[in-house]
Amino acid sequence: MKFKYVCHDCGREYVTDKIMYLCPECAAHQEKGTFMKGVLTVILDDEYIKSLKKKEHVTMYDFFPYEVPDRETYPVGNTPIVRPKRLIMKYGLENLVLKLDSQLPSGSFKDRASQLVAAQALHHKINKVCLASTGNAGAAMSCAGAAYGLDIILFVPETAPINKLMQSVLYGAHVVPVKGTYDDACLLSVEYSRLKGGINRNTAYNPMTIEGKKSISIELFEQLGRTCPDVIYVPTGDGCILGGVWKGFADLRQAGIIDKIPHIVCCQSEKSHAISQAFKTGKFLPMDNPTTIADSISVSAPENGRMAVYGIKDSEGWCVEVKDEDILSAQLELTREAGVFAEPAAACAFAGFKKDLDNIKQKFGEKVKATVLLTGTGFKDMAVFEGRVEVPKAIENNVEAVKNLPF
Ligand SMILES: Cc1ncc(COP(=O)(O)O)c(C=O)c1O
């Protein structure tokens with residue numbers, strides 16, 4: 001498949017078969033204290049992409065720059081959509097849809113990026129992939145590594161939830177916990193790749209992560225009977241998922257398959273809101289000491305912040321900031337009233353949707369088609385339930401105890 005890289009910031013184009021990360025020009029002029037510059041977008045050959053309009057159905061593979069070998073080795077995609085009956089009745093929105101990316105092989109959306117990075121590694125015959133992660137991207141790449149036989153080197157903040165770290169250890173990755181933040185882990189992983197070779201899969205730094213993540217929009221479009229939702233709620237930290245969601249719809253638009261990108265709503269915690277603030281103020285400033293309980297979206301300087309802000313604007317979207325308490329109660333509500341178990345970062349999108357409910361009803365009416373992306377399973381971080389939910393004590397092993405049960 002023919003493609004070129006285009007710098008999202010300066011528009012320079014790069015036509016090459018080599019692996020590229022950032023636009024060298026913009027990266028060389030990166031100013032301290034501002035979001036990363038020079039993220040590259042993959043642009044597919046225009047004639048090819050327009051030919052896709054003739055197809056009755058499209059899949060993510062039609063839009064990928066690399067062929068994914070042995071797809072069933074690491075089966076990514078086709079996650080279910082849920083029409084949550086009780087929540088639909090509760091909120092009076094008949095077209096509410098939850099997209100369950102928690103059901104991907106490693107339990108989070110990040111498998112979408114890891115699939116394409118694994119394909120990139122296999123295409124270039126490179127066996128080593130290094131990355132930094134808050135936990136889920138690492139688990140996903142480690143899962144892909146186990147499936148395809150790739151060597152994975154993973155830098156994570158030592159505070160990452162144990163379930164996510166353990167998952168990567170179990171998949172066989174070389175896990176390197178760092179005494180520092182996620183942002184520190186990112187810098188070290190780039191140094192590792194520079195010193196020791198292999199591919200670097202850092203989110204947005206490697207443009208294939210955005211390309212892999214765009215698959216969700218193409219899939220959703222087909223699942224919704226070749227239509228787009230009106231509004232899509234995206235939990236956001238680095239802004240790479242959001243950039244991917246935007247890119248998927250942008251590719252469908254470039255192909256002439258859709259005219260308009262749905263409104264993308266960036267959902268962040270008030271305690272980690274760099275992108276939302278950048279959208280509102282126009283200033284790309286990192287946030288000191290982000291502390292949200294939703295660890296996956298706790299980010300100081302978002303790696304894909306600039307593209308995320310562009311994507312929100314291009315889609316005529318907006319941002320919603322929520323409190324950590326609202327994230328946790330949204331998580332319980334999803335579990336108890338929809339049977340959907342999501343980790344806090346994913347529940348942030350549902351909390352954002354709830355906060356935005358009156359707004360979308362006013363803008364689009366009760367028939368508004370709203371999709372909420374649930375990007376990670378609740379099993380990823382069971383520690384958040386400590387002190388909030390208790391497993392009942394054991395009853396005596398006799399029938400009397402059964403008779404005495406209050407339910
Ligand atoms: C479950 C989950 N949801 C949302 C996000 C946010 O994605 P991004 O950092 O690309 O904005 C992450 C990132 O790690 C995640 O793991």
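Trainee: Is Asp-70 buried or exposed?
Mentor: In this predicted model, Asp-70 counts as exposed, because 11 C-beta neighbours lie inside 10 Å and the cut-off for exposed is 12 or fewer.

Trainee: And where is Asp-70 placed?
Mentor: Asp-70 sits in the loop between helix H2 (46-51) and strand E4 (81-82), and its phi is near 45 degrees, a positive value in a residue other than glycine.

Trainee: Why would anyone remark on a positive phi?
Mentor: Most residues other than glycine have a negative phi. Asn-289 is another residue to look at here, with a positive phi near 50 degrees.

Trainee: Which loop holds Asn-289, and is that residue buried or exposed?
Mentor: Asn-289 is in the loop between helix H11 (274-281) and helix H12 (305-314), and with 9 C-beta neighbours inside 10 Å it counts as exposed.

Trainee: Since you mention H11, which of its residues are buried?
Mentor: In H11 the buried residues include Ala-274, Ile-275, Ser-276, Ala-278 and Phe-279.

Trainee: What do the buried residues of H11 pack against?
Mentor: They pack against strand E11 (263-269), strand E12 (318-322) and helix H12. Just after H11 comes Gly-282, which takes a positive phi of about 80 degrees.

Trainee: What about H10, how many of its residues are buried?
Mentor: Of the 15 residues of H10, 13 are buried, so this helix is largely enclosed by the rest of the structure. Its length also agrees with expectation, because the 15 residues (240-254) at 1.5 Å a residue should span 21 Å, and the end C-alpha atoms are 20 Å apart. Just after H10, Gly-256 has a positive phi of about 80 degrees.

Trainee: Switching to helix packing, what do people quote for a pair of helices?
Mentor: Two packed helices are described by the angle between their axes and by the distance between those axes. For helix H5 (residues 136-148) and helix H6 (residues 162-171), the angle is about 15 degrees and the axes are 8 Å apart. H5 and H6 are therefore roughly parallel to each other, since angles under 35 degrees count that way.

Trainee: What is the hand of the crossing where H5 passes H6, and which residues meet there?
Mentor: H5 passes H6 in a left-handed crossing. On the H5 side the residues are Asn-136, Gly-138, Ala-139, Ser-142, Cys-143, Gly-145 and Ala-146, and they meet Lys-164, Gln-167, Ser-168 and Tyr-171 in H6. By class, this contact of H5 with H6 has 4 nonpolar, 6 polar and 1 charged residues.

Trainee: At what angle do H4 and H5 pack?
Mentor: Helix H4 (residues 111-123) packs with H5 at an angle of about 45 degrees, and their axes are 9 Å apart. H4 and H5 are therefore oblique to each other, and their crossing is right-handed.

Trainee: Which residues of H4 and H5 meet?
Mentor: From H4, the residues are Asp-111, Ala-113, Ser-114, Gln-115, Val-117, Ala-118 and Leu-122, which meet Ala-137, Ala-140, Met-141, Cys-143, Ala-144 and Tyr-148 in H5. The residues of this contact of H4 with H5 divide into 10 nonpolar, 2 polar and 1 charged.

Trainee: Is Ala-113 buried or exposed, and what is it in contact with?
Mentor: Ala-113 is buried, with 30 other C-beta atoms within 10 Å. Leaving aside neighbours within four places in sequence, Ala-113 is in contact with Ala-137, Thr-209, Gly-212 and Lys-213. The C-alpha atoms of Ala-113 and Lys-214 are 8.7 Å apart in space, although the two residues are 101 residues apart in sequence.

Trainee: Now for the strands, where does Lys-128 lie and what does it touch?
Mentor: Lys-128 lies in strand E6 (residues 128-132), and, not counting residues up to four places away in sequence, it touches Asp-151, Ile-153, Gly-197 and Gly-198. Lys-128 and Gly-198 are 70 residues apart in sequence, and their C-alpha atoms are 4.7 Å apart in space. Lys-128 is partly exposed, with 18 other C-beta atoms within 10 Å.

Trainee: Last one, where is Met-382?
Mentor: Met-382 lies in the loop between strand E13 (370-374) and helix H15 (399-403), and with 13 C-beta neighbours inside 10 Å it counts as partly exposed. The C-alpha atoms of Met-382 and Pro-161 are separated by 8.6 Å, while the residues are 221 residues apart along the chain.

Conventions. Residues are numbered from 1 along each chain as its sequence is written. This is a predicted model: local features need pLDDT of at least 70, side-chain atom pairs count only at pLDDT 80 or more; totals for chains, interfaces and linings use all residues. Helices (H or I, at least four residues) and strands (E, at least two) are DSSP runs, numbered from the N terminus. The expected span of a helix is 1.5 Å times one less than its number of residues. A residue is buried if 20 or more other C-beta atoms lie within 10 Å of its own, exposed if 12 or fewer, and partly exposed in between; C-beta atoms are placed from the backbone. Axes are lines fitted to C-alpha atoms, for helices over the stretch in contact, and angles run from 0 to 180 degrees between N-to-C directions. Angles under 35 degrees count as roughly parallel, over 145 as roughly antiparallel, 65 to 115 as roughly perpendicular and the rest as oblique. A crossing is left-handed if the near helix is turned anticlockwise from the far one by less than a right angle, and right-handed if clockwise. Two residues are in contact if their C-beta atoms, placed from the backbone, lie within 7 Å. Ala, Val, Leu, Ile, Met, Phe, Trp, Tyr, Cys and Pro count as nonpolar, Asp, Glu, Lys and Arg as charged, and the others, Gly among them, as polar.
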